[in-house]
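Q: I would like to take a close look at a single part of this model, and I am new to reading structures. Please take it slowly and explain each term as it comes up.

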Amino acid sequence: MYKIKAIITTNDQTIKENVIGSFINGIISYQEDSKTDVYLDINKNELIRENEQMLMKYIFDENRRSKGLINIKDINKELEVDIETLKLNKKDNYYYIEYKIEEDKFIYELTYTEE
């Protein structure tokens, strides 16, 4: 088990999570207080977030554009979004990603330590 501290910063809010999760084969997984399951594959730079309403899959590629998918479950609709990865930093037990989707900027920061 791992102690996970995740911070998501958007244009208008900051969400902080301090939870327990796992780290297996390069994939960090945890559940946020909002009942959203989060999977971060630090080898593929892929972030998956899933809850009852939606499933998001983002792949990050520093200084490049990539495609992300958002599946809205209630209406069974899948949207494709353009992701611009501005900064990507991985070292030791720290992961930092700064990215834009349209005009919205996001920062996702995660630290994990073994309990």
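Leaving aside its neighbours within four places in sequence, which residues is A6 in contact with?

A: A word on the model comes before the residue itself. This is a predicted model, in which local features need pLDDT of at least 70 and side-chain atom pairs count only at pLDDT 80 or more, while totals for chains, interfaces and linings use all residues. Residues are numbered from 1 along each chain as its sequence is written, and side-chain values use heavy atoms, with hydrogens and water left out.

If neighbours within four places in sequence are set aside, A6 is in contact with I15, K16, E17, Y30, Y108, E109 and L110, where contact means heavy atoms within 4.5 Å. One of these residues, L110, is 104 residues away from A6 along the chain, and yet the C-alpha atoms of the two are separated by 4.4 Å. A6 itself is found in strand 1, which covers residues 2–9; strands here are DSSP runs (E, at least two residues), numbered from the N terminus. A6 counts as buried because its relative accessibility is 2%, and buried means under 20% relative accessible area, exposed over 50%, and partly exposed in between, with a 1.4 Å probe and protein chains only.

The wider setting of A6 is a barrel, which 10 strands close in the order 1-2-3-4-5-6-7-8-9-10 with antiparallel pairing; two strands pair if DSSP finds at least two bridges between them. From one strand to the next, the twist averages 25°, an angle taken between N-to-C directions on a scale from 0 to 180 degrees, with axes that are lines fitted to C-alpha atoms. As an example of such pairing, strand 2 (residues 14–24) and strand 3 (residues 27–31) run antiparallel and are joined by four bridges, and I24 stands opposite I27 in strand 3.

Another residue to set beside A6 is E98, which lies in strand 9 (residues 94–101) and counts as buried because its relative accessibility is 14%. The side chain of E98 makes a polar contact of 2.7 Å with the side chain of Y96, and a polar contact of 3.0 Å joins the side chains of E98 and K105. A polar contact is a pair of N or O atoms within 3.5 Å; within protein, one must be able to donate a hydrogen and the other to accept it, and residues adjacent in sequence count only if both atoms are side-chain atoms. Not counting residues up to four places away in sequence, E98 touches E84, T85, L86, K87, K105, F106 and I107.
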